[in-house]
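Q: Hi! I'm new to reading protein models, so could you walk me through one?
A: Happy to, here it is.

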Amino acid sequence: MSLKFIQVPLKVVIAGCLSAAFYAQADIKIGVAGPFSGPNATYGAQYWKGATQAADDINAAGGINGEKIVLVQGDDACEPKQAVAVANRLVDQDKVLAVVGHFCSSSTMPASEVYDDAGVLAITPGSTNPQITERGMKTMFRMCGRDDQQGAIAANYIIDKLKAKRVAVIHDKDTYGQGLADATKAALEKRGVNEVLYEGLSRGEKDFNALVTKIASVKPDVVYFGGCHPEAGPLVRQMREQGVTAAFFSGDCIVTEDMVTAAGGPQYTKGVYMTFGQDPRQIPDGKAVIAKFRAGGFEPEGYTLYAYASVQALAAAYKAAGKDNAKASDWLKANSVDTVMGKKAWDGKGDLKVSDYVVYQWDDKGKYHQL
């Protein structure tokens, strides 16, 4: 009798566990990976705000084939080793189906190898180094352009609009920063303008006076910097303090109002040029979402809407192809997706078929505007 008594509850317990497991697996887990700490944490915050709002909106509309999106945060601090640890945790412990991330190309490169091995679909809203999509990974995508595209736009503007003959090229020795500087340098050379100085600085440094002295000695018309705002800000300030009046030009890693803080005020960032995609806040498709952000007291600058659109792309793929990442990847490469940033489509490498880089300039109030 006791044996029978034990058997019946055991079956009930097992059935209950299976049922709980089934419902837990019904959620679609998506990792959001980027710098949530460290000097580039502002971009991680943009990623999280965008992805969270997208998940909330999609879930409110019924989810993905009735299943809810659950986001899991992964902080890589823009450090490659930490990015690999985050990627392994998202895959092994959190069991994510896909990842929106990373931000710094030096983090995305090694982390994407983990995702590729695990068959996890990854889409980066902001990593622009060309090599990210040149390694034959079937489930790697981006929602942004590439540095070879961005560098060409910068070079053309420097030559055609600024009429520069003497360009100093500075980089931060990082995968993204040096990659962007090299791409711009190559585009300048292709049009017959050779740099008068090519120098690297180290991320985390704040005293660039020796470098600025060297820059001043070559009398450049333009100083092009491949790197992010924590170094770009102090560099441009120290240039101005030493009397270097050359135009300062950088890329899509200074697209945050923290650039003004890093520089010490709008008097130093006034006139600074940068390349970035067409301002997504000006695209009609995102009007309602942008209004929602602003009503909550958040300005969706920088990569906020890129992250939102990345979640939309994943949702569209899973809705059409099911939760099979190989099929979802093939679907994304064969179909376009309507997003808050307009219609997006990808080529066989996972790159956007259309890149929309344009040039912006900072004003005397600490705001940037498309030219």
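What follows is a chat about how confident the model is, its sheets and its helices.

Q: Is this predicted or experimental, and what pLDDT does the protein average?
A: It is a predicted model. The protein averages a pLDDT of 93, and 93% of the residues score at least 70.

Q: Where does pLDDT stay under 50?
A: Over residues 1–25. For that stretch the model has 2 contacts beyond four places in sequence. Where pLDDT is low, the predicted coordinates should not be read in detail.

Q: OK, sheets next. What is the strand order in the open sheet of 5 strands?
A: The order is 2-1-3-4-5, and the pairing is parallel. Strand 2 (69–75) and strand 5 (140–142) are at the edges with a single partner strand each, so one side of each has no neighbour in the sheet. On average, neighbouring strands here are turned by 25° against each other, direction ignored.

Q: How many bridges link strand 4 and strand 5?
A: Strand 4 (residues 121–124) pairs with strand 5 over 3 bridges, in the parallel sense. T124 stands opposite R142 of strand 5.

Q: Which strands does helix 3 lie across?
A: Helix 3 (residues 80–92) lies across strand 1 (28–34), strand 2 and strand 3 (98–100). It runs at about 155° to strand 2.

Q: And the open sheet of 7 strands, what's its order?
A: That order is 7-6-8-9-10-13-14, with mixed pairing. Strand 7 (197–200) and strand 14 (368–370) are the edge strands, each pairing on one side only.

Q: Which residue stands opposite V222?
A: A247, in strand 9. Strand 8 (residues 222–226) and strand 9 (residues 247–250) pair in the parallel sense over 3 bridges.

Q: What does helix 5 touch on the sheet?
A: Helix 5 (residues 147–160) touches strand 6 (167–171), strand 8, strand 9, strand 10 (273–277) and strand 13 (357–362). Its direction makes about 55° with that of strand 13. Helix 7 (residues 209–217) also packs on the sheet, touching strand 6, strand 7 and strand 8.

Q: At what angle do helix 5 and helix 6 pack?
A: Helix 5 and helix 6 (residues 175–190) pack at about 50°, with their axes 8 Å apart. That angle makes helix 5 oblique to helix 6. The crossing is right-handed.

Q: Which residues make that contact?
A: Among them are A152, A155 and I159 of helix 5, and L180, A183 and L188 of helix 6. The contact residues divide into 10 nonpolar, 4 polar and 2 charged.

Technical notes: Residues are numbered from 1 along each chain as its sequence is written. This is a predicted model: local features need pLDDT of at least 70, side-chain atom pairs count only at pLDDT 80 or more; totals for chains, interfaces and linings use all residues. Side-chain values use heavy atoms; hydrogens and water are left out. Two strands pair if DSSP finds at least two bridges between them. Helices (H or I, at least four residues) and strands (E, at least two) are DSSP runs, numbered from the N terminus. Contact means heavy atoms within 4.5 Å. Axes are lines fitted to C-alpha atoms, for helices over the stretch in contact, and angles run from 0 to 180 degrees between N-to-C directions. pLDDT is the predictor's confidence in each residue, from 0 to 100. Angles under 35 degrees count as roughly parallel, over 145 as roughly antiparallel, 65 to 115 as roughly perpendicular and the rest as oblique. A crossing is left-handed if the near helix is turned anticlockwise from the far one by less than a right angle, and right-handed if clockwise. Ala, Val, Leu, Ile, Met, Phe, Trp, Tyr, Cys and Pro count as nonpolar, Asp, Glu, Lys and Arg as charged, and the others, Gly among them, as polar.
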